[in-house]
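Here is a quick tour of the model, from a few backbone oddities to one sheet and the contact between two chains. Have it open while you read.

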Amino acid sequence: MMANIRETITMQPTTENAAEATIPVSGLTCASCVGHVREALEELPGVTAANVNLVTREATVSFNPGDTSVETLVEAIRSRGYGAELPVVRASLAEEQAAQEEAQTEEYNDLRRKAIASGALGAVAMVLSMPLMSAGDHATHGSGDPILGPLMNLIEVPLRTAMPWLYSIDAATLKWTLLLLTVVVIGWAGRQFYTRAWTAFRHRTADMNTLIAVGTGAAFVYSLAATVAPDFFVRHGVPAEVYYEAVAMIIALVLAGNALESRARGKTSEALKKMLLMQPAQARVLRNGVELDVPASEVQGGEVVLVRPGERVPVDGIVFEGRSAVDESMLTGEPVPVQKEVGDKVIGGTLNRLGFLRYRATAVGAAGMLSQIVKLMREAQASRAPMQKLADRISSVFVPIVISIAIATFVAWLLLAPEAGLIRALSAAVAVLIIACPCAVGLAVPTAVTVAIGRGAQAGVLFKGGEALEKLHGVDTILLDKTGTITQGRPSVTRVVAAAGFSEDTVLATAAAVERLSEHPLAEAIVRAAEERALVSSPAGDFDAVPGLGASAIVEGRRVLIGNQRLVESREIAPTALLATAEEFAAAGATPVFVAVDGSVAGVIAISDPIKPSSAAAIKRLRSKGLRVVMLTGDRKTTALAVARMVGIDEVVAGVLPEGKVAEVKRLQQEGRRVAMVGDGVNDAPALAQADAGLSMASGSDIASEASDVTLMRSDLEAAVSAIDLSDRTLRVMKQNLAWAFLYNVIGIPVAAGALYAAFDLLLTPVLASAAMALSSFSVVSNSLRLRR
Amino acid sequence: MLQLLILIAGVAAIAWVNWYFFMAPKVFVTAKASGGTQEVTISVEGGYSPSVVRAKKGQPLRLIFDRKEKAPCSDEVVISEFGVRRFLKPFEATVIDVTPTEAGTFEFACGMSMLRGQIEVEG
């Protein structure tokens, strides 16, 4: 559950009479400048507080808009000799995203360039090292390594044939040349590892850079010593070997891995980028009778907006002229374009297909549906999945533990296998440092969450965060609200049967007179039916609603009762004549409504709510996933059972009031079931909140129902199925990622340390370790990216 | 004898690594309050400095993340409990406004949770 803390927006009215502005200030060089600017602002009438920040170069001013204006504030700052600009609305999400993307592309290009260059230098270094190795100087070099050992033996002979002169160069010259090459690689391409490791070290933290820096640093320092003072080594019985080519190759491979990972990470938030790109930059509005193209961000609420065929709808609004089909698939996942007519709502970012539309803008800027979706997505992507906790605990201790293992490896080799020599001990320790990959652990869960949230949004399924994904995956029972979830939620009168002495029209007209005063959803259906038949009736008086039963009123001097069988019976009116008709209606899935006039039943009206075309298929899929499907409704049992039969549900809880829905969720939970509830975000909110996972069908413009974990942008049960599918797939990917990241390290580190050396003569060189490390985090991100499909 | 020395040196090195990274005292800074807002600047370079921020409940808290590098590890800051995931532009200060309404310890971290810091909200 997200704590009840919210991000506040910087520029907004703080109370009804106060406003706050953040003004960019230039020319601030010291703390005293800050004081000057603050003074200038505080002197102005109407300014309640002013704060100037030297780091962000901004003045934050609280003021009363009645006494002063932002322009005056800016003027006041300028009068003191500093630069000030009118505040622009904060960099939009799109701009922020663009900046991030640009930084990522730049990073990728930089890494790729460095990886290629250091790879080339590393290859040269390997060739130059061959004569040193074959000279017997490197007795232990590469051997025991399952891949590099044989590879080096393989190129040895052709190299000797092709470049015999190489083998006539003396060892010292070769070593100094290698040193030069490696210094270039370390100082230019690999520099970031050392500087970042150092800054992290100063903060008493350690990361991937620390491992690479210590690993390659140790190999480099040893090689450097062997180059500068070979005699010292020889005197002490240690061969003066150099490891330059390993240092260069490790840096090249790690950079290559980082480049791959960087590009893959950029792709994880692609869905969000696409969402942001849907908002058109321009809008055509009507101002003073003139059509104008203005930036979409400047459209004001209430303005008239024009959309031509093939254009995107710039902001949300309500159509008052025209008719068209609008493609809303990008927001709802609904593939069929939606017909829009006068009075219909259009959403910014959707695509107008064929007709012209004129509409009045309603929600603009951050209030728009697309902005809300993007905001929800970003918040969801910011959330941490519970599964992350274990990974977090491991990442936070990972690097120091790996360094400890590397030291232990070094010591163990020296003590247990002194005959293998210092070089082998060093090589094993370096391999441990290099093969360990904290990034794979750190990326396992968040990349999966990010990709899944994005994929969901494209299909019209908005998850509140990683926790929602996990909760939905665990459910075994799904409760479906009938009205509006399984059915269309727009009840209409399907039949009217009158008792002897009454006509159908009289029954309907009388009922409509009463129901005009009611707010019940079924009342609307009766009123509409009367209007469709152009029936008029005199207004009703003395209206009295009987909760859960119906209503009564006086129409043309007669007492009229409208409601269910229980209401009629409670007033001691025998509905006998029409009881069979009512049963017949209910059996067909309609709700029978009795109309009684002056103590006798005048007729019965059948109101039915058509089942959504997709409901039956979606319910079948839910059941095939092994979920127990239960229908919940306030309707009478016969009606509910009829609907249930039509959609293939055999468990029905009928006649429940809203509080009853909560009780039903609780009852199932006490049975040990993990319950998902699908309903509308307003009426079913308590039950949605009680359920282990609440899925709300988006109603109106409010897409972020507090009570639910998942918002379905399409009021269609297929969306609920997609949500469950996606959560299942995401959890599978998260588990795979974590298992891979843990196993990789748990197996890789001991092997690099030489655990298999005694038994199988198997040892990894640091270079091979770096290749494995580079691939491991990339493979985690790539696995997460599979969720995009 | 040499072997014993190697062993002692190894154990000492391991002990030092663990002490340095795990047991060293944390540095914390209390957010400065002015005009009803508490404010603190956190420098971002291979980690967060200060890494622990103390703030009061109920007052708006302005966190200014001053990123002094372009290393990708620190390019995003995530404060889960506040629903914040924000890109930090290299070599620029990014302002994040939150209002803590509950006392407790809230973590902020980089996108991968390698670099971490805490906001300690006092009642």
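## Backbone, sheet and interface

A:N288 counts as exposed, because its relative accessibility is 81% (exposed means over 50%, buried under 20%, partly exposed in between, with a 1.4 Å probe and protein chains only). This is a predicted model, where local features need pLDDT of at least 70, side-chain atom pairs count only at pLDDT 80 or more, and totals for chains, interfaces and linings use all residues. Residues are numbered from 1 along each chain as its sequence is written, chains are lettered from A and ligands numbered from 1 in the order written, and side-chain values use heavy atoms, with hydrogens and water left out.

Back to the backbone. Most residues other than glycine have a negative phi, and most peptide bonds are trans. Two residues of chain A go the other way on phi:

| Residue | Phi | Loop in chain A | Relative accessibility |
|---|---|---|---|
| A:N288 | near 50 degrees | between β6 (282-287) and β7 (290-295) | 81% |
| A:E556 | about 50 degrees | between β19 (550-555) and β20 (558-563) | 59% |

Strands here are DSSP runs (E, at least two residues), and helices are H or I runs of at least four, numbered from the N terminus. Chain B has an oddity of another kind: the peptide bond joining B:S49 and B:P50 is cis, with omega about 0 degrees. B:P50 sits in the loop between β4 (48-49) and β5 (52-56) of chain B.

Now for a sheet in chain A. It is open, has 7 strands with mixed pairing, and runs β15-β27-β26-β25-β16-β23-β24; strands pair if DSSP finds at least two bridges between them. β15 (461-463) and β24 (652-653) of chain A each have a single partner strand, so one side of each lacks a neighbour in the sheet. β15(A) pairs antiparallel with β27 (residues 710-712) of chain A over 3 bridges, and A:L462 has A:T711 as its bridge partner.

How much area do chain B and chain A bury between them? About 5,300 Å², 57% of it on carbon and sulfur atoms (accessible area lost on being put together, 1.4 Å probe, summed over both parts). B:F21, B:M112 and B:M114 supply 13% of the area that chain B buries there, more than any other three residues. The contact (heavy atoms within 4.5 Å) takes 59 residues from chain B and 59 residues from chain A. On chain B's side, α1(B) gives the largest share, 13 residues.

Key:
Buried area is the accessible area (1.4 Å probe) that two parts lose on being put together, summed over both.
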